[in-house]
Amino acid sequence: MSLDYSSAEMMSVTAARALENGMTCFVGIGLPSEAANLARLTHAPEVVLIYESGTLQTKPEVLPLSIGDGELCESALTTVSVPEMFRYWLQGGKVDVGFLGTAQIDRYCNLNTTLIGDYHDPKVRLPGGGGAPEIATNAGEVFITLKHSKRTFVKDVDFITTLGFGRDGKGRDGVPNIGRGPTRVITDLCVMKPDPETKELVVVSLHPSVTREDVIEATGWEIRFADTLETTPEPSARELEVLRELKERTERKHAGE
């Protein structure tokens, strides 16, 4: 039986399914946090969630507003210093996957969270990279989740805050001691993966009711599609129930109820 769900819910559920039980995941705030905690509350109860503030194996009851949200520390197995988090856990190769969001992404998976426009005269200044550049460099692989639009999916990002595969797809070639980089991008329209040779993003799965034309219209370059294009499985009733309850708890908590 088909269920009623939004494109945003489709994205969160699909992103959550990318995490496997037992993985160690370095989580970004926002959509990555929503997906990671949904995974923890459904099919991957033993996923180890790490946040930049130093919280290890945290199990928040509600979604955090920031890495400094007390909910993360209160529900964590332990909290370590930020230097230890990065030097021992991340740079030490103990993180399986980094889960990131972004303001801009380009065809080679480079991420921009620094500015929009010219560097010396930007139209908009963004929050910056935070820990994302280190996560993308040192985690075993990187998942990215964000809403799909031409404003977000641009041919070339205005500034490379976080390295995907560089301006030509070869930015990681010959670099020792570096993770695999981005391995999938999950949006509210589709799932993309880098081409094994060129590293340019390719659509491998369309969400239900989404067409090729929808993706083409929302992408700022001539997007490619896999020869065998799959349809993303719909959310289950259980996944939707858990996700909606999580978001409702979060809204009540942040509203002071």
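When I say that two parts pack or touch, I mean contact in this sense: heavy atoms within 4.5 Å. With that in hand, good morning, everyone. What we have here is a predicted model, and I'd like to walk you through its helices, its cores and one buried threonine.

Let's begin with helix α1, residues 7–17. Of its 11 residues, 8 are buried, so the helix is largely enclosed by the rest of the structure. Those buried residues are E9, M10, M11, S12, V13, T14, A15 and A16. And what do they pack against? The partners are α2 (31–41), β5 (97–100), β10, β11 (182–186), β12 and α7.

Helix α2 tells a similar story. Here 9 of the 11 residues are buried, so α2 is also largely enclosed by the rest of the structure. The buried stretch takes in P32, S33, E34, A35, A36, N37, L38, A39 and R40. Their packing partners are α1, β1 (24–27), β2, β5, β10 and α7.

Now to the nonpolar side chains. The largest nonpolar core has 36 residues, and those touching the most other members are F26, I105, V185, M192, V203 and V215. Two or more residues each come from β2 (48–50), α4 (82–90), α5 (132–138), β10 (141–145), β12 (190–194) and β13 (201–206). A second core of 25 residues lies apart from that one, and its members include A15, C25, F143 and I186. Let me go back to V215 for a moment: beyond four places in sequence, V215 touches H148, L189, C190, M192, V203, L206, V210, I223 and F225.

Next, the strands. How do β13 and β14 pair? They run in the parallel sense, with 4 bridges between them. One bridge links L206 to T231 in β14. To get from β13 to β14, the chain passes through helix α6, residues 212–217, and this β-α-β crossover is right-handed.

Just past β14 comes my last stop, T232. This residue sits in the loop between β14 (224–231) and α7 (237–254). Is T232 buried or exposed? Its relative accessible area is 6%, and under 20% counts as buried, so T232 is buried. The T232 side chain makes a polar contact of 2.9 Å with the side chain of H207. Leaving out residues up to four places away in sequence, T232 touches M10, T14, V191, S205, L206, H207 and P208. Two of those names, M10 and T14, are among the buried residues of α1, which brings us back to where we began. Thanks for listening!

Key
Residues are numbered from 1 along each chain as its sequence is written. This is a predicted model: local features need pLDDT of at least 70, side-chain atom pairs count only at pLDDT 80 or more; totals for chains, interfaces and linings use all residues. Side-chain values use heavy atoms; hydrogens and water are left out. Buried means under 20% relative accessible area, exposed over 50%, partly exposed in between (1.4 Å probe, protein chains only). A polar contact is a pair of N or O atoms within 3.5 Å; within protein, one must be able to donate a hydrogen and the other to accept it, and residues adjacent in sequence count only if both atoms are side-chain atoms. A nonpolar core is a set of buried Ala, Val, Leu, Ile, Met, Phe, Trp, Tyr and Cys residues joined through side-chain atoms within 4.5 Å. Two strands pair if DSSP finds at least two bridges between them. A crossover is right-handed if, with the strands pointing away from the viewer, the path from the first strand over the helix to the second runs clockwise.
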